Amino acid sequence: MTVVLLCSCKKSTITTQYVGVQLTDSEWWSIIDTKNGQFVVRDEFKNEPSPIINDMFHVKNDATGGFDVYNVSDPKKAVNKESYKGITDFSEDGLALAVKSGEGICIIDKKCNVVAELSHDIKRCGLFHDGLALFEDQNEKYGYINKKGEVVIKAKYDGALVFEEGYALVGIADGNGEIKKFDFIDKKENVISSFNASTISGGGKFSEGVMAVNDTELEDVYFINKKGEKVGSKFGKWSTGSYCMIDGKTVFYDGNVYGLKSKDGEILIRAKYEDLLPSSISNLYYAKKNEKVGLIDDKDGIVLDFDYDDIFVVGSNTFFVRNGETFSLINKDGKDICKESFQEIDLDYPDYRPMRLGSYELSSVRSDYFDAAGIVTKIFNNIKEESCFGKKANATLESFQELIQDAEARKYSGKIYLYEQDGYFQKYYLFDDYLSVYDPYEYGYVFNKYANCIAIKCEIDVSYYSETAKEKFRKEFYRQLKDKGYTSNEGQIWWTKDNKNYIGIPQEFEGRTVIFYYTFDSEFNNILIQDTSNQYYDDEDYDY
């Protein structure tokens, strides 16, 4: 079932008029108008439609393997001429991020016109929030673009959330990649406030000028404003997704059950529910009691009795309810708005966790542009006359301390390789002897300091990209080899320059991975090409 964010953390009367549904006796998807219970289209789509936002939605096309875009006013005719490999939901302003096969990310409008094309440096991008979209670049740093596709905040952050109410929370990491500091920034990238990440284990969404944080030292949830000042405390224990200020109220958790408090900490509904979540209507809350779900208001008045397995608010007087395996569309009086029942609906509870790129809460797309020239250039930037990725011929195991520090020597018994993930590259350092040996004088295994690195194998995962990515890589690799003075032998498998070191690229790639080898001694070339997968590593053994 698709997760849909029905509203943001602010006073809301958002309704969901059109919803994708699957009738109980059908394998196909229909679209229903929840205001009157009438079908806009019935049994029209083999695959589940996306959430219908601003009348727009998309559906997977099995024939092309991509996605087609539709307007609910004409749901039988796709708006686009060519299927997209990936597309986000449409934002409230009628824009979406889309990707065609082999191309980069673009911004499209409701007619599928290209509004802007994003730089190929942008690897991934989410939909627009508060006028800006969060993106990730090829170096796994985060920044923001505007609706023209222009980078307005450069990608320099190690973590980031979407903008809300004019502010965003961004993270700065230390040398080990751990977030050490959070900054509140505005749209001009001014730092409004900063706070240490060491005492904060979680945060809520920024809403009504405040954001919930979890203080791990005090074991207390409190709210901070954009200046980083504490504006409330003693909201109970941390519970992911619960704490968000809506109309001056927030759900709280006492460690066992849930209740409702005001912004100043006054208890409005005592903690007594097994679960409590805000709905898309600001004064209505999903509540759970005795394993059954009901709907209450902010004064603990019952709107719908605790008779259901699930409830989904789509309007102030319109609800989907589930009992067992089927859903119904009803009003406050429990009367059916539609006589049909459904086995699936395209709705779920709203989610109030912070939206970040890469998490399921934020709809995003990834570029399909495969930068073969850029990747191969990065490879050759790491190949020097006497070294590859900084490792020289016959480098001993002692020079790989960064990969084996704090590890038990016993784990490397019988192993003759070290593995390292480095951005694009999965690297295997291959040795001429076992990495650890049993030493009876030490009463156990010790690292074999005499093991020498004889070759490096490098893999680049291109499984996301189109089938042409592998061939693009091969051609670009050969081109740069020739430009740098390498000559081939043995049927273009191994290339050498001045008969010193050797670079090899297999004639056929396995699966969706491209590979190259760098050896310091040609004696090992045939062994590497013929039997590397069995001799040197196990795909499931990456944990050291």
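This report describes salt bridges and enclosed cavities in a predicted model.

**Salt bridges**

Side chains of opposite charge can pair when their charged atoms come close. Across the whole structure, the search returns 27 salt bridges. Three of these pairs are set out below.

| Pair | N to O distance | Relative accessible area, acidic residue | Relative accessible area, basic residue |
|---|---|---|---|
| Lys46 and Glu27 | 3.4 Å | Glu27, 58% | Lys46, 40% |
| Asp130 and Lys187 | 3.5 Å | Asp130, 34% | Lys187, 34% |
| Asp183 and Lys181 | 3.7 Å | Asp183, 6% | Lys181, 32% |

Lys46 and Glu27 form a salt bridge through their side chains, with N and O 3.4 Å apart. This pair connects distant parts of the chain, with the two positions 19 residues apart in numbering. Lys46 belongs to the loop between β3 (38–45) and β4 (56–61), and Glu27 to the loop between β1 (18–23) and β2 (29–33). Glu27 is classed as exposed because its relative accessible area of 58% is over 50%. Lys46, at 40%, is partly exposed.

A second salt bridge brings together the side chains of Asp130 and Lys187, at 3.5 Å from N to O. Here too the partners come from distant parts of the chain, 57 residues apart. Asp130 sits in the loop between β10 (122–129) and β11 (132–137), whereas Lys187 sits in the loop between β16 (179–186) and β17 (191–196). Asp130 is partly exposed, with a relative accessible area of 34%, and Lys187 is likewise partly exposed at 34%.

In the third pair, the closest N and O atoms of Asp183 and Lys181 are 3.7 Å apart. Asp183 counts as buried because its relative accessible area of 6% is under 20%. Its partner Lys181 is partly exposed, at 32%. Elsewhere, Lys123, Arg124, Glu136 and Glu140 are joined into one network by salt bridges that share partners.

**Cavities**

Rolling a probe the size of a water molecule over the atoms shows where empty space is left. Searching the whole structure in this model gives two cavities of 30 Å³ or more. The largest cavity holds about 50 Å³ of space.

Twelve residues (12) line the largest cavity, and those nearest its centre are Leu161, Val162, Glu164, Leu169 and Phe206. Strand β15 (residues 167–173) is the element that contributes most to this lining, supplying three residues. Sorted by class, the lining of the largest cavity comprises nine nonpolar residues, one polar residue and two charged residues.

Methods
Residues are numbered from 1 along each chain as its sequence is written. This is a predicted model: local features need pLDDT of at least 70, side-chain atom pairs count only at pLDDT 80 or more; totals for chains, interfaces and linings use all residues. Side-chain values use heavy atoms; hydrogens and water are left out. A salt bridge is a side-chain nitrogen of Lys or Arg within 4 Å of a carboxyl oxygen of Asp or Glu. Helices (H or I, at least four residues) and strands (E, at least two) are DSSP runs, numbered from the N terminus. Buried means under 20% relative accessible area, exposed over 50%, partly exposed in between (1.4 Å probe, protein chains only). On a 1 Å grid over the protein atoms alone, a cavity is a set of points where a 1.4 Å probe fits but cannot get out, and a pocket is an open set with protein on both sides within 12 Å along at least five of seven lines; lining residues have an atom within 4 Å of a point. Grid points are joined across faces, edges and corners, and a volume is the space filled by probe spheres set on the points. Ala, Val, Leu, Ile, Met, Phe, Trp, Tyr, Cys and Pro count as nonpolar, Asp, Glu, Lys and Arg as charged, and the others, Gly among them, as polar.
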